[in-house]
Amino acid sequence: MDKNNINISSIETYINEIFDNTISNNTMFGAMIDRETIPSDWEDMCLVDLSRGVDDFNAYGYGVVLLWLYARPLSSGRKNVAAMSRMERKLNEILAGAKHENYQLRRRGVYSEYDTKVNWHCNVIEIEITVF
């Protein structure tokens with residue numbers, strides 16, 4: 001394995017290329033914007049989180065990317081499952097078509113949350129990344 005492939009900036013560049021404004025037109029990397037600055041016309045958001053880092057096992061690298069898919073609650077306060085489902089379907093399409101000579105992505109798991117900092121529902125998708 002070329003050690004330059006495990007460089008976190010190289011991985012972030014690749015992740016940025018495939019996820020930036022594809023799952024949601026409102027994609028952020030690393031940190032969520034303040035609740036007060038979220039435009040009122042946004043229905044969804046995506047936060048890409050690489051904070052778990054990448055382990056170097058010499059022959060390959062391994063890490064987990066978290067995708068926080070946010071959907072603005074409906075006026076009733078209920079989860080906007082239609083918006084959430086649309087984002088997850090798009091994510092599945094992206095993962096099915098993601099081909100790279102140095103990086104392999106695999107959807108590992110998902111769990112549902114309610115983010116009290118922004119008062120939106122979210123699904124957190126765990127994506128495994130293997131570096132060759």
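**Group meeting: contacts, salt bridges and rings**

Start at E88. Leaving out residues up to four places away in sequence, E88 touches L69, R107, V110, N123 and I125. This glutamate sits in helix α2. Is E88 buried or exposed? Buried, because its relative accessible area is 17%, and the limit for buried is under 20%. One caution before I go on: this is a predicted model.

Look at where those contacts fall. R107 and V110 are among the partners of E88, and strand β5 covers residues 103-115. N123 and I125 are on the list too, and strand β6 covers residues 120-131. L69 is another partner; strand β4 runs over 61-71.

Now the two strands themselves. How many bridges join β5 to β6? The count is 12, and the strands run antiparallel. Y114 faces H121 of β6 across the pairing. The hairpin has 4 residues between the strands. N119 is the one to check there, with a positive phi near 60°. A general point on strands: in a regular one, side chains alternate between the two faces of the sheet.

There is also a salt bridge here. E126 and R108 meet through their side chains, at 3.2 Å from N to O. E126 is in strand β6 and R108 in strand β5, so the pair ties together parts 18 residues apart in sequence. The two ends are covered to unlike degrees. E126 counts as buried, because its relative accessibility is 14%. R108 counts as partly exposed, at 38%.

On to the other salt bridges. How many does the structure hold? It holds 7. I will take a few.

D56 with K3. The closest N and O atoms are 2.7 Å apart. This pair links distant parts of the chain: D56 is in strand β3, K3 is in the segment before α1, and 53 residues separate them. D56 is partly exposed at 38% relative accessibility. K3 is partly exposed as well, with a relative accessible area of 39%.

K90 with E93. Here the N to O distance is 3.7 Å. Both residues are in helix α2. They are 3 residues apart, so about one helical turn separates them. K90 is partly exposed, with a relative accessible area of 32%. What about E93, buried or exposed? Exposed, because its relative accessible area is 52% and the line for exposed is drawn at over 50%.

Then a network. E43, D44 and R86 are linked by salt bridges.

Next, the rings. How many aromatic pairs does a search of the whole structure find? It finds 2. Y14 and Y103 form a stacked pair, with 5.2 Å centre to centre and 25° between the planes. This pair also links distant parts of the chain: Y14 is in helix α1 and Y103 in strand β5, 89 residues apart. Both Y14 and Y103 are buried.

Then F57 and Y60. Their ring centres are 5.3 Å apart. The planes stand at 40°, so this pair is tilted. F57 is partly exposed, with a relative accessible area of 43%. Y60 is partly exposed too, at 36% relative accessibility. As for position, Y60 lies in the loop between β3 and β4.

Those two rings turn up again on the surface. Which residues make the nonpolar surface patch of about 300 Å²? F57, Y60 and F132. Y60 can join such a patch because its relative accessibility is 36%, and the patch threshold is over 30%.

Back to Y14 for a last stop, by way of A98. Where is A98? In the loop between α2 and β5. Setting aside neighbours within four places in sequence, A98 is in contact with Y14 and L105. So Y14 appears twice: in the stacked pair with Y103, and in contact with A98. A98 and I18 are 80 residues apart in sequence, and their C-alpha atoms are 7.6 Å apart in space. I18 belongs to the 8-19 span of α1.

To recap. E88 in helix α2 is buried. β5 and β6 pair through 12 bridges, and the E126 and R108 side chains meet in a salt bridge. F57 and Y60 form a tilted pair and share a surface patch with F132.

Technical notes
Residues numbered from 1 in each chain as written. Predicted model: local features only at pLDDT ≥ 70, side-chain atom pairs only at ≥ 80, totals over all residues. Heavy atoms only, no water. Patch = residues over 30% accessible without salt bridge, like charges linked within 9 Å, V, L, I, M, F, W, Y side chains within 5 Å. Areas by Shrake-Rupley, 256 points an atom, 1.4 Å probe, with all protein chains shown as cover. Salt bridge = Lys/Arg side-chain N within 4 Å of Asp/Glu carboxyl O. Buried < 20%, exposed > 50% of the residue type's maximum accessible area, 1.4 Å probe, protein only. Pairing = 2+ DSSP bridges. Contact = heavy atoms within 4.5 Å. Phe/Tyr/Trp six-rings, centres within 6.5 Å; stacked < 30°, edge-to-face > 60°.
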